[in-house]
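Trainee: Can we go through this one slowly? I keep meeting terms and never know what earns a residue or a stretch its label.
Mentor: Sure, let's have it in front of us and take the labels in turn.

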Amino acid sequence: MAPDTSNDGESLPHRHSAIARVSVPVRVRLCVVLGMLPVLAFTAACLVYNAPQSPASVRLIGPARQVLEPYFWQDWQLFGPTPGTSNDQVYLRARIQYGGKVVETAPVEVEKAIDEAPRGFRINPTKLPGIMLAFDQASSHYASAATRIKKLPAAQHKAAQAALDKRYKADFEEMQRFFSARAHSLYPGARILAVQATYKTQPIIPFSERYENPRPKETIKGLLQTSWMPYVPGVAK
């Protein structure tokens, strides 16, 4: 018999359905919390890494870099504000004791291979190109300053050169260690005595001039040649 739906003011019977509440297991809750921790750590590291410099950010920047730089830091060399106008080149020579006498190797260009090294392991690319970029900049600035010193009166040359060498002493010590390691990789097992680096630059032809006839020349120009630096053993390990 159908229920009475007349409007006589009487309450109508209703079918009540019980809503079952299912509790989330503790194991699931714990997994959610643990899954959120890396997200929170990454977010906090981003905030500290990009925050304006302050006493607090200076104290926290170390842990933030440990979180971000191994895998999330990017080297934006491709997206420069202006196109490159030259290619930097570094030629490495080594003095090796061979057969009872000292010989000097032929110059080997090492920067191109270093610049292409990040492609070998794209998941965690090497930062070696950044080191070469710093060396290129230091050598260019040193060469420019040395040229200006030559225009000074002769009586001022010695003191000015000594001050310049002292200013760039740390840079050349880093070059000495770095090029010692590269020489070890180029000549494994050899008894290396000293290394020397020659910095050169080659202009890049603009796209608007690449199809001109005759084609513009890309003349390589020498910038700086270091003195023979004693080989530093053990740095390649």
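Mentor: Start with the words helix and strand: helices are DSSP runs of H or I with at least four residues, strands are runs of E with at least two, and both are numbered from the N terminus. Keep in mind that this is a predicted model.

Trainee: Okay, so what pattern does the protein chain follow along the sequence?
Mentor: Reading along, you get α-α-β-β-β-α-α-α-α-β-β-β. That comes to six helices and six strands.

Trainee: What makes β1 and β2 a pair of strands?
Mentor: Pairing takes at least two bridges. Strand β1 (residues 86-98) and strand β2 (residues 101-104) are joined by four, and they run antiparallel, so by that cut-off they pair. Across the pair, I96 sits opposite V103 in β2. The hairpin of β1 and β2 has two residues between the strands, and there G99 takes a positive phi near 60°.

Trainee: How do you know that the span of α2 agrees with what a helix should have?
Mentor: Helix α2 (residues 55-68) has 14 residues, so at 1.5 Å a residue it should span 20 Å, and its end C-alpha atoms are indeed 20 Å apart. There is a bend too: α2 turns by about 45° at I61, with a proline, P63, following within four residues.

Trainee: Does α4 get the check as well, and what comes out of it?
Mentor: Helix α4 has 23 residues and reaches 33 Å from first C-alpha to last, close to the 33 Å expected.

Trainee: Why is T201 called buried?
Mentor: Buried means under 20% relative accessible area. T201 has 15% relative accessibility, so it counts as buried. T201 lies in strand β4. Setting aside neighbours within four places in sequence, T201 is in contact with S86, N87, D88, T219, I220, K221 and L223.

Trainee: How much of the protein chain is buried?
Mentor: Buried residues make up 22% of the 237 residues. In α2, they are S57, A64 and L68, and what covers them includes α1 (26-49). In α4, the buried residues include M132, F135, A138 and Y142. Their cover includes β1, α3 (111-115), α5, α6, β4 and β5 (221-225).

Trainee: What makes a group of residues a nonpolar core?
Mentor: The members must be buried residues of the nonpolar kinds listed for it, such as Ala, Leu or Phe, joined through side-chain atoms within 4.5 Å. The largest one here has 30 residues, and F179 and Y199 have the most contacts inside it. At least two residues of this core come from each of β1, α4 (128-150), α5 (154-167), α6 (169-186) and β4 (191-203). Helix α4 gives the most, with eight residues.

Trainee: Which residues does Y199 touch?
Mentor: Not counting residues up to four places away in sequence, its partners include F135, M175, F179 and L224.

Trainee: And what joins N213 and P214?
Mentor: A cis peptide bond, with omega about 5°. P214 is in the loop between β4 and β5.

Trainee: Last one: what share of contacts between residues at least 6 apart joins residues at least 24 apart?
Mentor: That share is 60%. As for the outside, the accessible surface of the protein chain is about 18,100 Å², with 58% belonging to carbon and sulfur atoms.

Definitions and conventions. Residues are numbered from 1 along each chain as its sequence is written. This is a predicted model: local features need pLDDT of at least 70, side-chain atom pairs count only at pLDDT 80 or more; totals for chains, interfaces and linings use all residues. Side-chain values use heavy atoms; hydrogens and water are left out. The expected span of a helix is 1.5 Å times one less than its number of residues. The bend at a residue is the angle between axes fitted to the seven residues ending there and the seven starting there. Buried means under 20% relative accessible area, exposed over 50%, partly exposed in between (1.4 Å probe, protein chains only). Contact means heavy atoms within 4.5 Å. Accessible areas come from the Shrake-Rupley method with a 1.4 Å probe; for residues, only the protein chains shown count as cover.
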